[in-house]
Amino acid sequence: MLTMSVVEGARWALTAVFVLSAVEKGQTLWARSAAWHPLMLVSPTRRRYATALMSAALIADLAVIVLLAVLPAIGGPAAGALVAAYTWLALPVHSRGAGSCRCLWKLLDSKTRLALLGRNVVLFALALAVTLSWSSTAGVAGFAYGAGLLVGLAALVAGLDARPGSPATTQRQASPGRGERASGDELADAAYATPSPRGGTL
Amino acid sequence: VIVNEVLQWTVLVVLTLLTLGVLRQVSLMLPSTVRGDEGGPSTGRHAPARLLRELEGAVGDAARGRGVLVAFVTENCVACQRLLADVSAGRQKLNGQPLVLVAQRPSDQFRTALEETRIPMIADEGDLWHDCRVASTPLVVRIDEKGRTAMKEVTHRVDAVA
């Protein structure tokens, strides 16, 4: 019984993750800025077909969300396959020092390669659990387990990103909706600009 | 029972999102003077000399007489993406003022993408960022023809500052 609730939780968690993924893509497509997404900046080919690629990925995300809800026997493997594909696509982002893959609408975003791998391995394991022992009823009992799994996943990503010496510890942090805000340390370090004594002009 | 549970949670999530949305709108309506410090060079004062030198190198004489718009952008910020997509597609009217993009330590791919826009670009190693006290991005600054900071705003709408 407990196992089934945990598997249901995995199903809820995976669904929530793919909803976040779809929202991220939808927002980017809505702003017509797919070509500037860190995942698309990786190569000229991705940039050229950024809108088409992101639209296709959005459709795949939505399909997985529906399948996880109504047909988990197919939704589980589909989610696992998509997680594996996204991992392969996102790895170059960290190797070129971009700072963040801007995945999952910033809520479960990874800033280092290790955090990306750790998070996606957990997601793959959740997809595997749903595939192997899914329940035909979409019960609410697993909802709390799903929320717990997501919180645990967020803690894992944050922990891996915040390891001493990790590049992520020097990255700028999010200011939702309005861009990026520097960390407190950066603000404290920033001295006020001294006006040019001679008042330079253009 | 299950349907009721699901509906209750759905209503709770929707209400939370609506509350957050309202708070965001309220904060956006506040005048910039009462918002938190968004950084950037002080309005009405001369821009940092280093920035003026870099701008001179980037746009040359084009800025004399009209001033120049400067957009500080980073690779991972959502609003910067939107700004870059809009200005590179010519979707914003800048009143004829030249625009210069300042990117902090851009990756090779980001630098290439910026160069493809044909908008003058400065790749900053952190000095300009520090001198201009950039705390949030995308920070858009309008420098007048005398080298003073005429206006600044953290926004993806460059035309709002032009």
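## A buried glutamine at the chain boundary

B:Q81 lies in helix α3 of chain B, which spans residues 78–88. In this predicted model, B:Q81 has a relative accessibility of 2% and therefore counts as buried, the cut-off being under 20%. Once its neighbours within four places in sequence are left aside, B:Q81 is in contact with A:T28, A:S33, A:W36, A:H37, A:P38 and A:R102. One of these contacts, A:W36, returns below as a member of an aromatic pair.

## Aromatic pairs

How many aromatic pairs does a search of the whole structure find? Over all chains the search finds two. In one of them, the ring centres of A:W36 and B:F110 are 6.2 Å apart and the planes stand at 90 degrees, so the pair is edge-to-face. This pair crosses between chains, with A:W36 in the loop between α1 (2–30) and α2 (44–48) of chain A, and B:F110 in helix α4 (residues 108–116) of chain B. Both ring-bearing residues are covered by protein: A:W36 counts as buried because its relative accessibility is 4%, and B:F110 counts as buried at 2%. A:W36 also takes part in an arrangement of another kind, since the charged end of A:R47 sits over its ring at 4.9 Å from the centre.

B:F72 and B:W129 also form an aromatic pair, with 5.4 Å from centre to centre and 85 degrees between the planes, an edge-to-face geometry. B:F72 belongs to strand β1 of chain B and B:W129 to helix α5 of chain B, so the pair ties together parts that are 57 residues apart in sequence. B:F72 and B:W129 are both buried.

## Helix α2 of chain B and its two faces

Helix α2 of chain B covers residues 49–59, and its buried residues are B:L51, B:L52, B:L55 and B:V59. Viewed down the axis of α2(B), these buried residues fall within an arc of 95 degrees, so they line one face of the helix. In general, an α-helix has 3.6 residues a turn, so residues three or four places apart point the same way. On α2(B), the face turned away from the buried side carries the exposed residues B:R53 and B:G57.

What do the buried residues of α2(B) pack against? Their partners in chain B are the strands β1 (68–73), β2 (99–104), β3 (121–124) and β5 (139–143), together with helix α5 (127–131). Two of these partners, β1 and α5 of chain B, are the elements that hold B:F72 and B:W129 respectively. After α2(B) comes B:G60, a residue whose phi is positive, near 60 degrees.

## Backbone features in the loops

Most residues other than glycine have a negative phi, and most peptide bonds are trans. A:R32, which is not a glycine, nevertheless has a positive phi of about 55 degrees. A:R32 is found in the loop between α1 and α2 of chain A, the loop that also holds A:W36. Is A:R32 buried or exposed? With a relative accessible area of 56%, A:R32 is exposed.

In chain B, B:R118 likewise has a positive phi, of about 65 degrees, although it is not a glycine. B:R118 is placed in the loop between α4 and β3 of chain B, and at 76% relative accessibility it counts as exposed. A further backbone feature of chain B is the peptide bond from B:T137 to B:P138, which is cis, with omega near 0 degrees. B:P138 lies in the loop between β4 (136–137) and β5 of chain B.

## Chain A as a whole

The secondary structure of chain A comprises seven helices and two strands, and from the N terminus on its elements follow the order α-α-α-α-α-α-β-β-α. Among these helices, α5 (residues 113–132) has 20 residues and reaches 28 Å from its first C-alpha to its last, close to the 28 Å expected at 1.5 Å a residue. The buried residues of α5(A) are A:A115, A:L116, A:G118, A:R119, A:N120, A:L123, A:L126, A:A127 and A:V130.

Of the 202 residues in chain A, 45% are buried. Among contacts in chain A with a separation of 6 or more, 68% are accounted for by residues 24 or more positions apart. The accessible surface of chain A comes to about 9700 Å², and 70% of that surface belongs to carbon and sulfur atoms.

Technical notes:
Residues are numbered from 1 along each chain as its sequence is written. Chains are lettered from A and ligands numbered from 1 in the order in which they are written. This is a predicted model: local features need pLDDT of at least 70, side-chain atom pairs count only at pLDDT 80 or more; totals for chains, interfaces and linings use all residues. Side-chain values use heavy atoms; hydrogens and water are left out. Buried means under 20% relative accessible area, exposed over 50%, partly exposed in between (1.4 Å probe, protein chains only). Helices (H or I, at least four residues) and strands (E, at least two) are DSSP runs, numbered from the N terminus. The arc is that of the directions from the helix axis to the C-beta atoms. Contact means heavy atoms within 4.5 Å. The expected span of a helix is 1.5 Å times one less than its number of residues. Rings of Phe, Tyr and Trp (its six-membered ring) pair if their centres lie within 6.5 Å; planes under 30 degrees apart count as stacked, over 60 as edge-to-face and the rest as tilted. A charge sits over a ring if NZ of Lys or CZ of Arg is within 6 Å of the ring centre and within 35 degrees of the ring normal. Accessible areas come from the Shrake-Rupley method with a 1.4 Å probe; for residues, only the protein chains shown count as cover.
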